[in-house]
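Student: I have just opened this structure and would like some help finding my way around. Could you walk me through it with me asking the questions?

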Amino acid sequence: MNPATPAERQDAAPSYLGGETTVASWLGTLDHKRIALLYLFTITAFFVVGAVAAALMRWQLAVPTADLVTSDTYNRLFTLHGVVMVWFFLIPSIPAVLGNFILPLAIGARDVAFPRLNLASWYIFVAGGLVTLYAIVVGGVDTGWTFYTPYSSTYSNGHVMVMAAGIFVAGFSSIATGLNFIVTVHKLRAPGLTWFRLPLFVWAIYATSIIMVLATPVLAITLLLMGLERVLGVGIFDPRIGGDPLLFQHLFWFYSHPAVYIMILPGMGVVSEIITCFSRKRIFGYPVMAVSILSIAGLGFLVWGHHMFVSSQSVYAGVVFSFLSFMVSVPSAIKVFNWIATMYRGSITLSTPLLYVLGFLALFTIGGLTGVFLATLAVDVHLHDTYFVIAHFHYIMVGGGVMAYLGGVHYWWPKISGRMFPEGIAAFAAVTIFVGFNLTFFPQYLLGYLGMPRRYMTYPAEFHTLNVISTLGALVLAVGYVLPLVYLTWSFFRGAPAGPNPWGATGLEWQTSSPPPEENFRETPVVTGPPYDYPPL
Amino acid sequence: MSRFLAFSGAISGWLPTASSMAPRVDRVLRDLLAAGSAVVVVLTVLTLVILVRYRRGSAASRAPSRIATWKIEASWITGTAIVFLYLFFEGAGVYVDMERIPPGLPEITVVGRQWMWDVRYADGRREFNTLHVRLNTPVRVVLSSEDVIHSFFVPAFRVKQDVVPGKIVSTWFNPTRTGTYTLFCAQYCGTAHAQMLGSVVVLSPGDYATWARGGLLSAGGTAEARGHAVYRRFGCAECHEDPQGRRAPPLGGLYGSLVTLADGEQLRADDQYLHDAILLSPRYRVSGYALTMPSYDGIIGPSDALDLIAYLKASATAPLAVQP
Amino acid sequence: MNGPSTPSLPAAYGDFRQRDLANHLGMWAFIATEVLFFGGLFLAYVVYRITYPAAFAAGSHTLDFWRGTINTAVLLTSSLTMALGDAYIKRGNRTALRNCVIATASLGVLFLAIKASEYHEMYAKHLVPGLPFDPQAPSPLQLFVFLYFAMTGLHAVHMLIGLGLMAWLLRQNRRGRLTAAHHAPVEMFGLYWHFVDCVWVFLYPLLYLIPQR
């Protein structure tokens, strides 16, 4: 995989963007690359919906006793924000967009294992999304994205069933995508591409897919049972007939904790690709990095009870879950050390993708450390269900996940669009996002420690200043997010044409033209060496 | 280092440490902050140095490091694991003490319902959204919910406990500073979740005595007296004071005793047992009794049920008087 | 290999064997998701059975042991007929495949009919979630009944889907699209049907047998 080999000139075959360009050809495509763009368009729309809800929430929270919206509306806003951002943006983001586009290319395949299933998964996703949007439009749901019973099953008067149905349907899209990727990685690797020659992005997508396939069905059954309880009036979570509301929490978090690893592992894969390319160096400790990815995926199934330390679950359970939660933090920490060690004695270029990665490193580290705070039993009793938790998961999912997503989009943008984005404004946007993010969410750590609970639309006056800083930060963050929307769209049509490998990266995806032809490679590549095989510096 | 301590001291200075456990929780938090800040500072400095020194085109040496990779990996894996283990044990230790309720504490019953806290003292006093407690006197708070899950959260005490319908859960604290501290509901519970605030008022012993004398007494006197009224109103004696003793188990001395069920299982008759036996009947078929107790869920309200349980608890040592 | 009835190879595959291996792996992955799906229900059942052994024993007594047992035999036989069908088509015997699929489907229909009669009996005994329960019944009995209907209902939904897939298989067979060389759909469906059977093999003792002890 010598990066100096020029890719063949694609003068004969049109790129996947050319050829048939009717709407029907896009909506009926079996090409993983076009499906990736369908997903890109859809999840961006959902991101905007979720972001608008967040903006309204932050506006309300700028003043301690504002009445910008009623309580019921606010409760519906934070539910909408959680549901849309988790299931309709974060979970599909890297896997369904970058995974779909890059994974077959990265392993030298012509497509995924089940192209028709791939297209079906997008339609299922859209169907679930439409049902959820419908639920929002007809009045929304006020249970929070966590749907705790008995509030959700008995007391809430929102459109719980409809929204749960939307999420249920979207879950099958997740399962289908995960299934597709697992089989693709197992069966369609190019000759010579053994498991331990796989780029870490592929490992990350693979591990994520395993989680998607095994965890999502548990969410499905949980929502189904909650829905049945709501509709039939007889429920297994109803304490009045001896049911246990905590059973819902166990079932819900058994899925939802692994779900957060669905949201971060692909980002970790992206980080490894970018950091090696822009340090011109092999990844430090490849086997440990691959094993860490698998450990995070595996251990991630064993820690769900750390969301329930004060729920009245037993003290012994709490101790066990706390211990396991500490254990799952270790591989994540190792990855951060290894990434920094990768840059050591490299030859570093501060391009926009690397700026996003540096932002990821800072924010994921802080978010991960605060996760350790929350895994610590005595401290979690105080911090649980406060703004500390909100800050923690936003540092990981937004500071980590979204930064990695944007970094990956920028990194592979030349491959996807055949054009370069404008570097100056892109770098500016990355820095703006970083600054805005910290302004928005760092004060929330302090708010949480001081005792401000989650899901509060009004609060005691002593929390005012920190909330104002957070809201102003959100304004900056919004600017930062709008910029890529604008310049990436612009560059898709007017950007400078990119060659096959503008970054000079290793990786099979860079061995074909930008954008690639429909069948990806003129000839199936053959792999003869390890990944990230940059020449010695 | 001293600036760091001052900073972290300043943070915890903003939030009062008003219970015996609060300083211990804060100590664990400080250790976490110390470890976390050290990591962040070291990694940030390291990264910045690397970015500058090894930028493309710089003259720094790119020769591969001569230390074996596995040694570096092993050292920081081990280091991380050790630090984590220390923090885990520290946190778990304090947690176990937070959860282990000392025996024999005076009790305050708090019922959470949308969207208020119903506070009931052992002597019958009742108030809403306020707890009065005495300085340096540990109390046990017995929590239950009438509807959805709430959470009893007093940041100044570092106390939080979810309040779950169908369950009776307890927490405890020992207030160590006088003052008025906010009580929040920390588990989303519907429309007015953010308005479900209350106060915990910690009074010096003198002030507390004054309050106790002139405090609010709810109609019906003590919880036990109210519970006795409930007992009579629903005719519990019909079965439970059956002269032949065959209809239902006698209730005098029941609380705290060991009950043998029909399938041989033995249970301790604690608060949860009494609650379930009354409201979730016939969950427990007691050995030796043919009849099944009907469920009083929806018939005896949750407040009345708590009073009834208080009455039965008081009858633990003295037999119930047979009422004419 | 050029007739209209020969399936084509998707672009990503080098040969049919690779595609078949991929199909197999995909099917097993799908079955894994189904295991987790039913698993949540089974977990709920086990948790409550341990908490309320008396009520669950009482609940089990409300079920018809014989109907459950007959249904088990019916379903196991249908797995046999399906396995036979798979063996026959591997030897190119389309007629035998058709007969086996029809037999399997018939047994499936029989299973569902017996189940429907069980449900009707529960309805007659006022043991149906959503309708008022017998006030003398212990409250946690409602949990048993709810879980019984949820578990067997979900299983029945999977069987209905199986019936639909069998109709599709028969249509494919009639059009000559299933041959000794290309019989993957039969094999894949066989796996699915055996899985559905497997779920029942766990459901049956949990619901009908164990609590009666």
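**A guided tour**

Tutor: Let us begin with one residue: C:L209 counts as partly exposed, because it has 14 C-beta neighbours inside 10 Å. (Buried means 20 or more other C-beta atoms within 10 Å of a residue's own, exposed means 12 or fewer, and partly exposed lies in between, with C-beta atoms placed from the backbone.) This is a predicted model, in which local features need pLDDT of at least 70 and side-chain atom pairs count only at pLDDT 80 or more, while totals for chains, interfaces and linings use all residues. Residues are numbered from 1 along each chain as its sequence is written, and chains are lettered from A and ligands numbered from 1 in the order in which they are written.

Student: In which helix is the place of C:L209?

Tutor: Helices (H or I, at least four residues) and strands (E, at least two) are DSSP runs, numbered from the N terminus. C:L209 and C:S60 are 149 residues apart in sequence, but 7.6 Å apart in space, C-alpha to C-alpha. The helix that holds C:L209 spans residues 184–209 of chain C, and that is helix 6.

Student: How far does helix 5 of chain C reach from its first C-alpha to its last?

Tutor: Helix 5 of chain C covers residues 139–174, which is 36 residues. The expected span is 1.5 Å times one less than the number of residues, and here that gives 52 Å. Helix 5 of chain C comes close to this, reaching 53 Å.

Student: What is the order of the strands in the open sheet of chain B that has strand 4 at an edge?

Tutor: Two strands pair if DSSP finds at least two bridges between them. Strand 4 (130–134) and strand 7 (159–163) of chain B each have a single partner strand, so one side of each is left without a neighbour in the sheet. The pairing is mixed, and the five strands of chain B run in the order 4-10-9-6-7.

Student: Which residue stands opposite B:T180?

Tutor: Strand 9 (residues 179–185) and strand 10 (residues 198–203) of chain B pair in the antiparallel sense over five bridges. The partner of B:T180 lies in strand 10 of chain B and is B:V201.

Student: Which strands are the edge strands of the sheet with the order 3-2-1-5-8 in chain B?

Tutor: This is an open sheet of five strands with mixed pairing. Strand 2 (residues 116–121) of chain B runs antiparallel to strand 3 of chain B, joined by three bridges. Each edge strand pairs on one side only, and they are strand 3 (126–128) and strand 8 (169–173) of chain B.

Student: Are helix 8 and helix 9 of chain A roughly parallel or roughly antiparallel?

Tutor: Axes are lines fitted to C-alpha atoms, for helices over the stretch in contact, and angles run from 0 to 180 degrees between N-to-C directions. Angles under 35 degrees count as roughly parallel, over 145 as roughly antiparallel, 65 to 115 as roughly perpendicular and the rest as oblique. Helix 8 (residues 245–279) and helix 9 (residues 286–299) of chain A pack at about 170 degrees, with axes 10 Å apart. The two helices of chain A are therefore roughly antiparallel.

Student: Which helix of chain A gives the most to the side that touches chain B?

Tutor: Two residues are in contact if their C-beta atoms, placed from the backbone, lie within 7 Å. The contact takes 61 residues from chain A and 66 residues from chain B. With 13 residues, the one that gives the most to the side of chain A is helix 10.
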